[in-house]
2 protein chains.
Amino acid sequence: MKRTPAGDAFTDVVTTGLLLGGVLEQAGDTLTAPDGQSGARWKVLGIVSKREMTVAEIARFLKLSRQGVQKVADLLTKEGLTAYLDNPSDRRAKLLALTNRGREILSAIQTRQRRWANHMGEKFEVGKLAEIKAAIQKLIAVLSDSD
Amino acid sequence: MKRTPAGDAFTDVVTTGLLLGGVLEQAGDTLTAPDGQSGARWKVLGIVSKREMTVAEIARFLKLSRQGVQKVADLLTKEGLTAYLDNPSDRRAKLLALTNRGREILSAIQTRQRRWANHMGEKFEVGKLAEIKAAIQKLIAVLSDSD
DNA sequence: ATCAAATTGACAACCGGTTGTCAATATTGC
DNA sequence: GCAATATTGACAACCGGTTGTCAATTTGAT
């Protein structure tokens, strides 16, 4: 299989995209670390803050395995940021809900995130961010339609 | 902390970028799965194919922890794709080298990757890939200079 | 040449993700 | 209403990453 210019350019983009992914994961962890949390916990806290959900629902929403989310939810609960509430409509699947402490911590993270995003956002010319987003979305679109 | 349009746009880009990262990681695993490998193993095989290196060197190169790379290297070695060679210049740090089997498998992965990249590359208009790469790099640059 | 400091691999514990299995419970079709 | 099926949480094993500790070895400064 011979290499083509377009193929090389694509590989280049993939490499750069992987790098970006790492940087962003890191940013999420850095943003949440001051409150002893992580990107993974943040996602769960954020989702549960909007509506109490079962672990299986959260997993479907985040497109993660049920068991993976279960671990995070158990950790959050052990640390007192969430609690399992009886679910009147399903005796197996308890509802994960924020505790007061969970609300406080999520709020602290969100404040920090907003400050960070506002600050970073200003480093781009007007319209540039939309352009970057469109570029990434185009890439995702091509990667996702498998044929 | 109030939200700003630029901040919201930035947050949007971050979300999209995280999604991209996931899709790319997945692509790496899919590309290597037919040979029973993974993205992580692929990186190590690729690096070692150019030059035999110690685990610590590989870790520095990939910007991963020494211990994380050690685990992958041990797995690869256990499966016969790599071997530890005595290092004349350091009695502790053996050199990780490809075996014949490792070379075969890496070659198979590379062929599959090239076919994939060539195919995907053709789905973009000329110049579009360079544009996407530049957009992502701009984002990485801003994220990386911490101030 | 010696001695302090840095590097290294082995080991262990953990986080966040996966897959697979199992028993309990819900849901659906008839 | 009942039986087949699907969903769920608990549990376990694994991968790929992290941090931390330790003893052995290298390296570097004097």
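Let me start with a word I'll lean on: a residue is near a strand if one of its heavy atoms lies within 4 Å of it. Please also keep in mind that this is a predicted model.

With that in hand, let's look at DNA strand C. It has 23 residues around it, and those that come nearest are A:Ser38, A:Lys71, A:Arg91, B:Arg66 and B:Arg92. On the DNA side, sugar and phosphate make up 58% of the strand C atoms that come within 4 Å of the protein.

Now some individual contacts. The side chain of A:Ser38 has an N or O atom 2.4 Å from a phosphate oxygen of strand C. A:Arg41 also places a polar side-chain atom 2.4 Å from a phosphate oxygen of this strand. From the other chain, B:Arg60 has a polar side-chain atom 2.5 Å from a phosphate oxygen of strand C.

Which elements give two or more residues to this surface? In chain A they are α2, residues 39–50, and α4, residues 66–78, and in chain B they are α3, residues 55–62, and α4, residues 66–78. The largest share is five residues, and it comes from α4(A). If you like to sort by class, the surface near strand C has nine charged, seven polar and seven nonpolar residues.

Over to DNA strand D. Here 23 residues surround the strand, with A:Arg66, A:Arg92, B:Ser38, B:Lys71 and B:Arg91 the closest. Of the strand D atoms within 4 Å of the protein, 58% belong to sugar or phosphate, and bases supply the rest.

Three contacts are worth pulling up on your screens. A:Arg60 has a side-chain N or O atom 2.5 Å from a phosphate oxygen of strand D. A:Ala56 uses its backbone: a polar atom there is 3.3 Å from a phosphate oxygen of the strand. And B:Arg92 reaches a base, with an N or O atom of its side chain 3.0 Å from a base oxygen of strand D.

The elements giving two or more residues to this surface are α3 and α4 of chain A, plus α2 and α4 of chain B. This time α4(B) supplies the largest share, five residues. The class split near strand D reads nine charged, seven polar and seven nonpolar.

Since α4(B) has just come up, let's stay with that helix. For its 13 residues, a rise of 1.5 Å a residue predicts a span of 18 Å, and the end C-alpha atoms are indeed 18 Å apart. Which of its residues are buried? They are B:Val69, B:Val72, B:Ala73 and B:Leu76. These cover an arc of only 100° around the axis, so they sit on the same side of α4(B). B:Lys71 and B:Lys78 are exposed on the other side of the helix. Recall that B:Lys71 was also listed among the closest residues to strand D. As for what covers the buried residues of α4(B), that includes α2, α3, β1 (82–85) and β2 (95–98) of chain B. One backbone detail for the torsion fans: just after this helix, B:Gly80 takes a positive phi of about 85°.

Next, helix α6(B). With 17 residues at 1.5 Å a residue, the expected span is 24 Å, and the end C-alpha atoms agree, at 24 Å apart. Its buried residues are B:Leu129, B:Ile132, B:Ala135, B:Ile136, B:Leu139, B:Ile140, B:Val142 and B:Leu143. Looking down the axis, they fall within an arc of 165°, so they line one face of α6(B). What do they pack against? The partners are α1 (5–32), α5 (100–121) and α6 (128–144) of chain A, together with α1 (5–32) and α5 (100–121) of chain B.

Let me zoom in on one of those residues, B:Leu143. Its relative accessible area is 12%, and because buried means under 20%, B:Leu143 counts as buried. Apart from its neighbours within four places in sequence, B:Leu143 is in contact with A:Leu20, A:Val23, A:Leu24, A:Trp116, A:Met120 and B:Phe10.

My last stop is A:Asn118, in helix α5 of chain A. Is A:Asn118 buried or exposed? Its relative accessibility is 7%, so A:Asn118 counts as buried. Its side chain also makes a polar contact of 3.0 Å with the side chain of B:Thr4.

That's my tour, so thanks for listening, everyone!

Terms used: Residues numbered from 1 in each chain as written. Chains lettered and ligands numbered in written order. Predicted model: local features only at pLDDT ≥ 70, side-chain atom pairs only at ≥ 80, totals over all residues. Heavy atoms only, no water. Buried < 20%, exposed > 50% of the residue type's maximum accessible area, 1.4 Å probe, protein only. Contact = heavy atoms within 4.5 Å. Polar contact = N/O pair within 3.5 Å; in protein donor to acceptor, adjacent residues only side chain to side chain. Helix = DSSP H or I, 4+ residues; strand = E, 2+ residues; numbered from the N terminus. Nonpolar A, V, L, I, M, F, W, Y, C, P; charged D, E, K, R; others polar. Expected span 1.5 Å × (residues − 1). Arc of directions from axis to C-beta.
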